[in-house]
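Thanks for opening this one with me. Here are some numbered notes to read alongside the chain, so keep the view in front of you as you go.

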Amino acid sequence: MFAVTIDQEGPVIIVAPEGRLDTLSSARFSEELEPLLEQEDYLVIDLSECGYLASSGIRSLLFAAKKLGGRGGCLLLCGLQPEVFQVIEMTGLHHAFRLFGDVKAACGEVRRMKGESSPSTEVMIDGCSYQCRILARNSQPGWIWQDCDIAGY
């Protein structure tokens, strides 16, 4: 049995096919994606419940990636089971798709690409202005170099 779940985590749309993404189900999958491709710039496809990926399923993913990429967006794939990853890798498409381990990582990347990762603030030190953005919530100290042409990340 094949099913497609569409969910939203904040500003990110997540599409999760469940079952085999083969010749029979890829048409339905494409139909479910079609309105989202018109409305969204970024989509996360969660393949954690997809155990089989046929060439017709790959075609649906490539079409979505091309459509989103054509207007500056991106398709992100996550949660690939070993069998599905093997198909993606054997076809060389692991270089074409943005792959992530799980939904959380893919959604974080979408937020980063949209510029929503965290607010920035301006800091003045010795008369120089610096834009700072919090990338992770931890308590490690930051370093400020006083020499010219040195930047820290």
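1. A definition to start with: two strands pair if DSSP finds at least two bridges between them. With that in hand, look at β1 and β2, which pair in the antiparallel sense over seven bridges. The hairpin they form has two residues between the strands, and Gly-10 there takes a positive phi near 65°.

2. Before going further, please remember that this is a predicted model. The mean pLDDT of the chain is 87, with 82% of the residues at 70 or more. Among the elements, β3 has the highest mean pLDDT, 97, while strand β8 (residues 128-133) has the lowest, 72. Where pLDDT is low, the predicted coordinates should not be read in detail.

3. Now the overall layout. The chain holds four helices and eight strands, and from start to end the pattern reads β-β-α-β-β-α-β-α-β-α-β-β. Of the 153 residues, 35% count as buried. Taking the contacts with a separation of 6 or more, 60% join residues that are 24 or more positions apart.

4. Back to the strands for a moment. Two pairs are easy to find across the hairpin: Val-4 stands opposite Pro-17 in β2, and Ile-6 stands opposite Val-15 in β2. On to β3, which pairs with β2 in the parallel sense over three bridges; here Ile-13 has Leu-43 of β3 as its bridge partner. How much of β2 is covered? Eight of its 10 residues are buried, so "mostly" is a fair word, given that buried means under 20% relative accessible area.

5. Next comes helix α1, residues 23-39. Its 17 residues should span 24 Å at 1.5 Å a residue, and the end C-alpha atoms are 26 Å apart, which agrees. Where does α1 kink? The kink, of about 30°, lies at Leu-33, shortly before the proline Pro-35. At the N-terminal end, Asp-22 acts as a cap: one of its side-chain oxygens lies 3.2 Å from the backbone nitrogen of Leu-24.

6. Which residues of α1 are buried? They are Ser-25, Ser-26, Phe-29, Leu-33, Leu-36 and Leu-37. The elements they pack against are β1 (3-9), β2 (12-21), β3 (42-46) and α2 (55-69). Note that Leu-33, where the kink lies, is on this buried list.

7. Two serines of α1 deserve a closer look. Is Ser-25 buried or exposed? Its relative accessibility is 5%, and buried means under 20%, so Ser-25 counts as buried. Leaving out neighbours within four places in sequence, Ser-25 is in contact with Phe-2 and Arg-20. Ser-26 has a relative accessible area of 7%, and is therefore buried by that cut-off of 20%. The side chain of Ser-26 reaches the backbone oxygen of Thr-23 at 3.4 Å. With residues up to four places away in sequence not counted, Ser-26 touches Leu-21, Ser-56, Gly-57 and Ser-60.

8. Those contacts of Ser-26 lead us to α2, where Ser-56, Gly-57 and Ser-60 are among the buried residues. The others on that list are Ile-58, Leu-61, Ala-64 and Leu-68. What covers the buried residues of α2? The cover includes β2, α1, β3, β4, β5 (74-78) and α3 (82-90). As for length, the 15 residues of α2 should span 21 Å at 1.5 Å a residue, and the end C-alpha atoms are 20 Å apart, which agrees.

9. Last, find Cys-50 in strand β4 (residues 50-53). Cys-50 has a relative accessible area of 0%, and buried means under 20%, so Cys-50 is buried. Which residues does Cys-50 touch, not counting those up to four places away in sequence? They are Pro-17, Gly-19, Leu-21, Gln-81 and Val-84. Pro-17 is worth picking out here: Pro-17 and Cys-50 are 33 residues apart along the chain, yet their C-alpha atoms are separated by 6.1 Å. You have met Pro-17 already, as the β2 residue opposite Val-4. Leu-21 is another name to recognise, as one of the residues that Ser-26 touches.

Key
Residues numbered from 1 in each chain as written. Predicted model: local features only at pLDDT ≥ 70, side-chain atom pairs only at ≥ 80, totals over all residues. Heavy atoms only, no water. Expected span 1.5 Å × (residues − 1). Bend = angle between axes of the 7 residues up to and from the residue. Buried < 20%, exposed > 50% of the residue type's maximum accessible area, 1.4 Å probe, protein only. Contact = heavy atoms within 4.5 Å. Polar contact = N/O pair within 3.5 Å; in protein donor to acceptor, adjacent residues only side chain to side chain. pLDDT = per-residue confidence, 0-100.
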